[in-house]
There are 2 protein chains.
Amino acid sequence: MAHVRNKQVILRDYVSGFPKETDMSIVESTLTLKLPEASNEVLLKNLYLSCDPYMQILMTNVEPGSVSYAHSLSQPLTGLGVAKVLESGHPDYKKGDLIWGLTKLEEYSLVPSTQIQFKIEHTDVPLSYYTGILGMPGMTAYAGFFEVGSPKKGDKVFVSAASGAVGQLVGQFAKLTGCYVVGSAGTKEKVDLLKNKLGFDEAFNYKEEPDLNATLKRYFPEGIDIYFDNVGGKTLDAVLLNMRVHGRIPVCGMISQYNLAQPEGVTNLTNLIYKRVCMQGFVVSDFYHLYPKFLEFLLPHIREGKVVYVEDIAEGLENGPAAFVGLFSGRNVGKQVLLVARE
Amino acid sequence: MAHVRNKQVILRDYVSGFPKETDMSIVESTLTLKLPEASNEVLLKNLYLSCDPYMQILMTNVEPGSVSYAHSLSQPLTGLGVAKVLESGHPDYKKGDLIWGLTKLEEYSLVPSTQIQFKIEHTDVPLSYYTGILGMPGMTAYAGFFEVGSPKKGDKVFVSAASGAVGQLVGQFAKLTGCYVVGSAGTKEKVDLLKNKLGFDEAFNYKEEPDLNATLKRYFPEGIDIYFDNVGGKTLDAVLLNMRVHGRIPVCGMISQYNLAQPEGVTNLTNLIYKRVCMQGFVVSDFYHLYPKFLEFLLPHIREGKVVYVEDIAEGLENGPAAFVGLFSGRNVGKQVLLVARE
């Protein structure tokens, strides 16, 4: 019976505001590579782990039971990842299967089979893609843009956090639909990516725009039909002044607010009325039944190079805390992935 | 050719914030009761005029052309009303017809026929009802609750400004649908009306609730499915903390914000995401095609006494400014109407 070292990223302290590297620590334990007797769990070797903004919420001291999968002190963080099945107590999975789903930030994880989202059937694309373009962020962009945003050819689309895991796909989906799309991001490098690699019509660095309302009026003289909101706060407030009649705002995330003890107030909501705007919050898990349809749509585009994906891959579990914390200062360029093992 | 005195409420000064009686004045002019040659306008004798919160927006110094029907200085205010046709240059209307639509705050008005919404066919109910329950506010409640709110039997419904022109109907429509409904209002008298006359399950005086979040938790231990928003601001912010998954917020008005130079910030919008809430602004004019269906639904309920309507009728055009200004301090109890002439 094999014993292995199991390096883990554990939650040292509950987070208030911005997560810091010191809120986490790296510990090593030993694991026996054997399922417990009569277990119907699955023993996983984690390959690629996903760093996603929502994880911050699970690191705060929420009421017990109010959020499933909230992190516990001194335990490894939970998160999405791509993993290989080492042993399985559940008939749907067998040794050697590749899966993606909810696992833990560690080298090996024992998880209930219900936490596994999908078996990975297509391996002619990078495995890491199942943490991003072909995983939760990809489905988020797909469901939020197509199902919640109801885009039409010619629509004017604005995306914030546009080079991120979700935003870069929203922009490309908008172009495939025949929309005009503008993205905002926080560095020159990201703005260049948006314009030169990801096919956005226009992009700007919001940190260099002192008057976001004026900026949006410049890029959208006729107003915005769809605002794909990843950030909330001041950006949302400026967008509300620039929406077109019957515009849609799929609310995917509000990363600008997660680190604030007191969120910024949004003051321009009366524009929802005059412009008949629909602001619709959504959660990707409501749309996972569309995953097969999503793969059928997206895989050919990836194979033909018509949709591309920018990843920022950190190597080694010990770099997990820094990679995760970097999301909140925008240090990552593209989808933040943590490579734990290649196979 | 008859000449008549035409008393008018004119806009003396653009409004910033709360409208004041002194922003308006009463003037008298003389009118010839004869259509101009080859005019296709309609000459109206105004009977009941409607005081509605949206009129405040048209009294501010908006950019010319940005809002149709914005009021002009020294001109009578435009507003909805019930009127009798004295002369008509348009084949759809003839002398003696009763209509409701956009007219002016004066005794007699010459208006383009396109401003008339509907001819009044049913006169077995009070004519003043066509400024309220059977007019724009009634259609607003109907469209906002049924079309935008998508209510289901058993839904938990919260209505703000609940004894107002729109709110009192939303509550009654909710009860007809088998919902649990709670209303908020600003005086004990209004709270009593809601509970004892209008059939709300519960009602409270928001001015006596120091912690609206706690209040809502008390009335909605399981959360709110539909919040019919008439007020915005702090109430909306507390509601966002108490919405149920897949809840709906039809945004009808934000009267608490209209008088503020700087609107209050709404800080709890991230709840839209986790709760998958849809906030949908709407404007009643998008739904006027449903007016015949609305009458067919509502008239029998009115005749059978199953839906009631509370009106606050001020008499005489000279009381118009006070009646209108009173909307913003909540002085009116029920729909604020201005009686100009009985026939």
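Chain B superposes on chain A after a rotation of 180° with 0.0 Å of shift along its axis, at an RMSD of 0.0 Å; the fit is by least squares on the C-alpha atoms of residues with pLDDT of at least 70 in both copies. The two copies are therefore related as by a two-fold rotation axis. Within chain B, B:Gly265 has the C-alpha nearest that axis, at 1.8 Å. The same surface serves both copies, as 100% of the contact residues of chain B recur in chain A.

Please keep in mind that this is a predicted model, in which local features need pLDDT of at least 70 and side-chain atom pairs count only at pLDDT 80 or more, while totals for chains, interfaces and linings use all residues. Residues are numbered from 1 along each chain as its sequence is written, and chains are lettered from A in the order in which they are written.

Let's turn to the contact itself. It takes 26 residues from chain B and 26 residues from chain A, with contact meaning C-beta atoms, placed from the backbone, within 7 Å. On the side of chain B that touches chain A, helix H8 (271-274) and strand E13 (278-281) each supply at least two residues; helices (H or I, at least four residues) and strands (E, at least two) are DSSP runs numbered from the N terminus. The largest share, four residues, comes from E13(B).

That strand also has a partner across the interface: E13 of chain A (residues 278-281) and E13(B) pair in the antiparallel sense over three bridges, where pairing requires at least two DSSP bridges. Here A:Gln280 stands opposite B:Cys278.

Notes:
Two residues are in contact if their C-beta atoms, placed from the backbone, lie within 7 Å.
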